[in-house]
Amino acid sequence: MSFDVYVWHENEPISADEAQAKLERWGDGETGVFAAHEAVGSFYAALIDRFPPLETFNDDDIDRLGVWSVTPERSEAIVVASCVWSRADEVGAAVMALVAAHGLVCYEPGYHIVNPNALGYLAPFTLTSERFPAVPEPDDRRLEWMMSKVGRDNGYAILKRADGWFVQVGYGMFAGVANGTYALEYQEGSLDRHFRCETPDRTAAVRLLQEFRVGDDAWKQRHLWRPVHLDSE
């Protein structure tokens, strides 16, 4: 099993459906789908410098030091990066940082997201956490995956809407609760509209994120929320 991403240049923001369609056309052999851009070549060089080709390792070191399922081919138009699943978190974070630094876009077909997108893009929802890079437009699977990572080594996850409203989940000591407990919070605009409750149920935390994303307010009735007084300064 591998973790696969595709990196190229776009002048304007692109949707995940548009990205998928371009890849399908490219996969069918259509030429000119992806235009060459110097930033793509620079990205490739930086990526290979960070994670060397498999061919540079001997048989004793390749499993320990190599990250690629197949070494990415050099291209000025599109880079296909496929890494072994056990290194997906490390490689994925590095790829997203390099893509952002070079002003490119990155499409991840596994979760059907473009992250980062072209400059000027404003996602309707963005998922952030203590440890992992921000994810725009997360689907239910991504939200559930993120909650599987919330714990002692990744203390919180926040799902923020473009208008500033958000829900968040904190875990254990990070959120001021006992280990095994999740602190659920939401804020509707101003600080005086901030509320909190606690639960030991990770499924309830997942549902909070998923329902907020689709505009379902069932989570408000499911829990006993209390106001939290935050200092605006």
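Q: What volume does the second largest pocket have?
A: In this predicted model, the second largest pocket has a volume of about 160 Å³. Rolling a probe the size of a water molecule over the atoms shows where empty space is left.

Q: What makes a residue part of the lining, and which residues line the second largest pocket?
A: A residue counts as lining when one of its atoms lies within 4 Å of a point of the pocket. For the second largest pocket, the lining includes Val114, Asn115, Pro116, Tyr121, Leu122, Thr126, Pro136 and Ala162.

Q: How many residues in the lining of the second largest pocket are nonpolar, polar and charged?
A: There are 9 nonpolar and 3 polar residues, while charged residues are absent from this lining. Ala, Val, Leu, Tyr and Pro count as nonpolar, so Val114, Leu122 and Pro136 are among the nonpolar lining residues.

Q: What lies around the largest pocket, and which residues are closest to its centre?
A: The largest pocket holds about 280 Å³ of space. Of the 17 residues that line this pocket, Phe3, Ala88, Asp89, Arg142 and Trp145 are the closest to its centre. Two elements, helix 4 (88–102) and helix 5 (140–149), each give two or more residues to the lining, and helix 4 supplies the largest share, with 5 residues. By class, the lining has 11 nonpolar, 2 polar and 4 charged residues; since Asp and Arg count as charged, Asp89 and Arg142 belong to the charged group.

Q: Why does the span of helix 1 agree with its 12 residues?
A: At 1.5 Å a residue, and with one less than the number of residues entering the product, the 12 residues of helix 1 (residues 16–27) should span 16 Å. The end C-alpha atoms are 16 Å apart, so the two values agree.

Q: Which residues of helix 1 are buried?
A: Buried means under 20% relative accessible area, and in helix 1 this applies to Ala16, Ala19, Lys22 and Leu23.

Q: How do you know that the buried residues of helix 1 line one face of the helix?
A: Seen down the axis of helix 1, the buried residues fall within an arc of 125 degrees, and therefore they line one face. What covers these buried residues includes strand 1 (2–8), strand 3 (78–84), strand 4 (105–108) and strand 5 (113–114).

Q: What share of the residues in the protein chain is buried?
A: Of the 233 residues in the protein chain, 46% are buried. The chain has 7 helices and 12 strands, and its C-alpha atoms fill a box of roughly 55 × 45 × 35 Å, taken along the principal axes.

Terms used. Residues are numbered from 1 along each chain as its sequence is written. This is a predicted model: local features need pLDDT of at least 70, side-chain atom pairs count only at pLDDT 80 or more; totals for chains, interfaces and linings use all residues. Side-chain values use heavy atoms; hydrogens and water are left out. On a 1 Å grid over the protein atoms alone, a cavity is a set of points where a 1.4 Å probe fits but cannot get out, and a pocket is an open set with protein on both sides within 12 Å along at least five of seven lines; lining residues have an atom within 4 Å of a point. Grid points are joined across faces, edges and corners, and a volume is the space filled by probe spheres set on the points. Helices (H or I, at least four residues) and strands (E, at least two) are DSSP runs, numbered from the N terminus. Buried means under 20% relative accessible area, exposed over 50%, partly exposed in between (1.4 Å probe, protein chains only). The arc is that of the directions from the helix axis to the C-beta atoms. Contact means heavy atoms within 4.5 Å.
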